[in-house]
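Subject: Structure handover

Hi,

Here is the structure we talked about. Please open it alongside this email; my notes follow below.

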Amino acid sequence: MSEPVYQRLAPATEIAENSMRAYALGDRSILVCRTKAGLHALDNICSHGYAKLDEGRLRGVRVICPLHGASFDCRDGSVLGAPATAPLQSYPVRTVDGWIEVEVPGP
Ligand code: FES
């Protein structure tokens with residue numbers, strides 16, 4: 001089994017608690033959220049239509065889509081509120097030497 005490959009995204013200080021920010025990683029847009037529970041990473045594009053979730057809101061662990069109001073749990077990408085029905089892909093995330101790193105599968 002191959003070792004997971006983490007990719008460095010940004011300094012950990014870029015994201016304050018209760019905030020979120022999107023980063024480009026290859027052809028993906030990754031949303032990183034910092035909550036009381038820590039850092040979480042998931043796809044930044046809503047599973048319902050085409051909307052960037054970093055333009056929405058973060059309330060606790062709930063990410064709310066700016067377009068039609070669907071909501072997702074940032075800890076695992078699961079759907080918390082309609083109209084979305086499909087979860088978002090979530091990714092392992094960690095902090096190393098003050099940097100946020102995310103494990104994203106290769107192409
Ligand atoms: S595009 Fe996000 S809820 Fe419709």
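Strand 1 (residues 6–11) pairs with strand 11 (residues 99–103). The sense is antiparallel, over five bridges. P11 stands opposite W99 in strand 11. Please keep in mind that this is a predicted model.

Strand 11 also pairs with strand 10 (residues 93–96). That pairing is antiparallel too, with four bridges. Here V93 faces V102 in strand 11. Strand 10 and strand 11 make a hairpin with two residues between the strands. In that hairpin, D97 takes a positive phi near 50 degrees.

Strands of a sheet pair through backbone hydrogen bonds, and they do so either parallel or antiparallel.

Next, the open sheet. Four strands build it, in the order 5-6-7-8. The pairing is antiparallel. Strand 5 and strand 8 (79–81) are the edge strands, so named because each pairs on one side only. Neighbouring strands of this sheet are turned by 30 degrees against each other on average, direction ignored. Strand 7 (residues 71–73) and strand 8 share two bridges. Within this pair, F72 stands opposite V79 in strand 8.

Now the loop between strand 4 (38–43) and strand 5 (57–59). N44 has its place there. Is N44 buried or exposed? It counts as buried, at 1% relative accessibility. What does N44 touch, leaving out residues up to four places away in sequence? The contacts are A22, S29, I30, L31, A51, K52, L53 and D54.

On to the cysteines. How many disulfides does the model hold? The count comes to zero. C33 is in no disulfide. The nearest cysteine sulfur to C33 is that of C74, 4.4 Å away. A disulfide needs the two sulfur atoms within 2.5 Å, so this pair does not count as one. C33 is buried, with a relative accessible area of 0%. C65 is also buried, at 6% relative accessibility. Both count as buried because the cut-off is under 20% relative accessible area.

Last, the rings. A search of the whole structure finds zero aromatic pairs. One charge contact is worth a look on screen: R94 lies over the face of Y6. The distance from R94 to the ring centre is 3.8 Å. Y6 falls in strand 1 (residues 6–11), and R94 falls in strand 10 (residues 93–96).

Best wishes

Methods
Residues are numbered from 1 along each chain as its sequence is written. This is a predicted model: local features need pLDDT of at least 70, side-chain atom pairs count only at pLDDT 80 or more; totals for chains, interfaces and linings use all residues. Side-chain values use heavy atoms; hydrogens and water are left out. Buried means under 20% relative accessible area, exposed over 50%, partly exposed in between (1.4 Å probe, protein chains only). Rings of Phe, Tyr and Trp (its six-membered ring) pair if their centres lie within 6.5 Å; planes under 30 degrees apart count as stacked, over 60 as edge-to-face and the rest as tilted. A charge sits over a ring if NZ of Lys or CZ of Arg is within 6 Å of the ring centre and within 35 degrees of the ring normal. Contact means heavy atoms within 4.5 Å. Axes are lines fitted to C-alpha atoms, for helices over the stretch in contact, and angles run from 0 to 180 degrees between N-to-C directions.
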